[in-house]
Amino acid sequence: LFFNTPARRKFLKSPVSEGNHIHDLVSRYALAWPEVSFTLKSNRKIYFKTPGNGAIRDAAISVFGADFVKNLLDISYRGDLFQAEGMISPPEITRQNRRSQLLFVNKRPVRSSLLYKAIDTAYQGLLLSREYPVVILNLSVPGEMVDVNVHPQKWEVKFADEKQVFSLIKELVADCLSKHDRSALASWEKTSYSFTPRVTSRG
């Protein structure tokens, strides 16, 4: 592993820390490529195995467990230029940081301040300060409209039309939250009971 770069061996951390990094990286690629079956195992223990059936929800269940995924809301969009697939959490499910916000552009794990801002804007007014939603989102963009060489480790990307991408993600997330809100309201109305006070006359 270190044949070409032996000096890197001394920068390794503890087996637990390195194992966590590996788990995080393989998890991201398993979600970015749900059509591929990924298996992560160590010391004969299988941590997860994704089905490879193309469903990002099924891949997420394999990686994070059914309890984590069951309340997430699906996002799916197919346009002429852009496609988006993934899941977001309703406002009542939050985290204290962005670690549960997993973003992918053309199946590449990325960190994007533009996409983070679009998501934050969509949730504006629904969350308290320092609350972050769960997001698993794979955005497909024409290759000529995205630059993947703005960061040495390819973690960051730059879009040719940032305004268009920002509006798309904000509207997709906001629309999904709005549909969830209407669905929750309809469910509440079905289970509510009307009450008519009985008035008795007194002679």
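The points below describe the fold, the sheet, the helices, the cores and two buried residues of this predicted model.

1. Overall make-up. The protein chain contains 5 helices and 11 strands, and of its 203 residues 32% are buried. Looking at contacts in the chain with a separation of 6 or more, 60% are between residues 24 or more positions apart.

2. The sheet. Five strands form an open sheet, which a student can trace in the order 3-4-9-6-7, and the pairing within this sheet is mixed. Strand 3 and strand 7 are the edge strands, and each has a single partner strand, so one side of each is left without a neighbour in the sheet. On average, and with direction ignored, neighbouring strands of this sheet are turned by 15° against each other. In general, the strands of a sheet pair through backbone hydrogen bonds, and they may do so in a parallel or an antiparallel way. Here, strand 3 and strand 4 run antiparallel and are joined by 6 bridges; as an example to look for, Tyr77 has Ala84 of strand 4 as its bridge partner.

3. Helices lying across the strands. Helix 1 lies across strand 6, strand 7 and strand 9, and its direction is at about 55° to strand 6. Helix 2 lies across strand 3, strand 4, strand 6 and strand 9, and runs at about 40° to strand 4.

4. Helix 1 in more detail. This helix covers residues 15–32, which is 18 residues, and from its first C-alpha to its last it reaches 26 Å, close to the 26 Å expected at 1.5 Å a residue. Its buried residues are Ser27, Arg28, Ala30, Leu31 and Ala32, and what covers them includes strand 2 (45–49), helix 2 (56–64), strand 6, strand 7 (108–110) and strand 9.

5. Arg28. A charged residue deserves a second look, and Arg28, which is placed in helix 1, counts as buried because its relative accessibility is 11%, under the 20% cut-off. Apart from neighbours within four places in sequence, Arg28 is in contact with Leu102, Phe104, Pro109 and Trp155.

6. The nonpolar cores. The largest nonpolar core holds 31 residues, and those with the most contacts inside it are Ile88, Leu139, Phe159 and Ile169. The elements that each give two or more residues to this core are strand 3 (73–78), strand 4 (83–88), strand 6 (101–105), helix 4 (113–122), strand 9 (135–140) and helix 5 (162–191), and helix 5 gives the most, with 7 residues. There is also a second, separate core of 12 residues, which includes Leu31, Ala59, Ala60 and Ile136.

7. Phe159. With neighbours within four places in sequence left aside, Phe159 is in contact with Val105, Ser112, Leu114, Leu115, Leu139, Val141, Met145, Val146 and Val165. Of these partners, Leu139 is also listed with Phe159 among the residues with the most contacts inside the largest core.

8. Ser89. This residue lies in the loop between strand 4 and strand 5 (94–95), and it counts as buried because its relative accessibility is 0%. The side chain of Ser89 reaches two backbone atoms, namely the oxygen of Ile93 at 2.9 Å and the nitrogen of Val134, also at 2.9 Å. Not counting residues up to four places away in sequence, Ser89 touches Leu72, Tyr123, Pro133, Val134 and Leu177.

How values were computed: Residues are numbered from 1 along each chain as its sequence is written. This is a predicted model: local features need pLDDT of at least 70, side-chain atom pairs count only at pLDDT 80 or more; totals for chains, interfaces and linings use all residues. Side-chain values use heavy atoms; hydrogens and water are left out. A nonpolar core is a set of buried Ala, Val, Leu, Ile, Met, Phe, Trp, Tyr and Cys residues joined through side-chain atoms within 4.5 Å. Buried means under 20% relative accessible area, exposed over 50%, partly exposed in between (1.4 Å probe, protein chains only). Helices (H or I, at least four residues) and strands (E, at least two) are DSSP runs, numbered from the N terminus. Contact means heavy atoms within 4.5 Å. A polar contact is a pair of N or O atoms within 3.5 Å; within protein, one must be able to donate a hydrogen and the other to accept it, and residues adjacent in sequence count only if both atoms are side-chain atoms. The expected span of a helix is 1.5 Å times one less than its number of residues. Two strands pair if DSSP finds at least two bridges between them. Axes are lines fitted to C-alpha atoms, for helices over the stretch in contact, and angles run from 0 to 180 degrees between N-to-C directions.
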